[in-house]
Amino acid sequence: MSEIIILFLGAISAGLLGSLTGLGGGVIIIPLLTLGFGVPMHYAIGASLISVIGTSSGAAVAFVKEGFTNMRIGMFLEIATTAGAIVGALVSGMLNPNTIGIIFASILLLTVILNLKGKPDHQEPLIKGSLEEKLKLYGTFPDKGVLKNYSARNTVPGFLMMMFAGAMSGLLGIGSGALKVLAMDNMMKLPFKVSTTTSNFMIGVTAVASALIYFQRGEIIPVIVAPVLIGVVIGSFIGSKTLMVSKTKKLKIFFAIVITILSIYMMYNGINKSFR
């Protein structure tokens, strides 16, 4: 019983982090299950994917209501991430758990390095006649009571990056929120809060595509999934309310610290073959 309570509290933390940063919660759930509870890697990934769906569901409603999420951009990019997620889930079944752990850590560390590069919080104007105008990849978001306009950039590179993000979601069970935020923030030059909230909207669909494959392989265990799912939904709801009044700079610093710690820890255990 005590283990379930600890897992539940950990899942709340994962949901909180997932909704604040667009990560999807898997970056905490997978280390918690594999290293804290000794759950086999593939079962942990299956549970994480379900938690990702919970995070997306818990946070997306509030973000859409407040006007941060760009649903059109999210649905367009889901074409790429869903295709990638199916491929990633199939490949995952062929890899050794320790190899997956090392890849997991490497992706998270790469995320931190890219995110720490100095860059402005983008707010690009719409270019007439551009691909972004034709696809209507632009919108507005509220900032201190004022609606600000923005437009996407570099749509084709961003779309390709989303395919990779989807593959990592299916392979690692992290919802690929980290890569999605970086793709939309760094490559497509969307405002950070728009990137984060749109990622939260997208990760659920991406996770469903790969979770179906894990379910078919018998790698989604209800006794593990249930406390994880309930916890992340509660955490993501709390996180969605916190984001509304938080500062972008503080979010990025928090994002970098947490991911650095987890990536180093996962890399160490993968090299030492601690996963099963």
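The following questions and answers concern a predicted model.

Trainee: How many bridges join strand S1 to strand S2?

Mentor: Strand S1 covers residues 138-143 and strand S2 covers residues 146-151. The two strands run antiparallel. One pairing between them sets Thr 140 opposite its bridge partner in S2, Asn 149. The number of bridges joining S1 to S2 is six.

Trainee: Which residue takes a positive phi in the hairpin of S1 and S2?

Mentor: The hairpin has two residues between its strands. A positive phi near 55° occurs in this hairpin, and the residue that takes it is Lys 144.

Trainee: How many residues of helix H2 are buried?

Mentor: Helix H2 spans residues 26-36 and has eleven residues. A residue counts as buried under 20% relative accessible area. Among the H2 residues that are buried are Val 27, Ile 28, Pro 31 and Thr 34. Helix H2 is mostly covered, and its count of buried residues is nine.

Trainee: What is the phi of Gly 38, which follows H2?

Mentor: Gly 38 comes after helix H2. Its phi is positive, with a value near 70°.

Trainee: Which helix gives the largest share of the nonpolar patch?

Mentor: The patch lies on the surface, measures about 420 Å² and includes Leu 16, Ile 230 and Ile 238. Four residues of the patch come from one helix, residues 222-243. That helix is H10.

Trainee: Is Phe 237 buried or partly exposed?

Mentor: Phe 237 is found in helix H10 and belongs to the nonpolar patch. Buried means under 20% relative accessible area and exposed means over 50%, with partly exposed in between. Because its relative accessible area is 46%, Phe 237 is partly exposed.

Terms used
Residues are numbered from 1 along each chain as its sequence is written. This is a predicted model: local features need pLDDT of at least 70, side-chain atom pairs count only at pLDDT 80 or more; totals for chains, interfaces and linings use all residues. Side-chain values use heavy atoms; hydrogens and water are left out. Two strands pair if DSSP finds at least two bridges between them. Buried means under 20% relative accessible area, exposed over 50%, partly exposed in between (1.4 Å probe, protein chains only). Patches are made of residues with over 30% relative accessible area and no salt bridge: like charges are joined within 9 Å, nonpolar side chains (Val, Leu, Ile, Met, Phe, Trp, Tyr) within 5 Å. Accessible areas come from the Shrake-Rupley method with a 1.4 Å probe; for residues, only the protein chains shown count as cover. A salt bridge is a side-chain nitrogen of Lys or Arg within 4 Å of a carboxyl oxygen of Asp or Glu.
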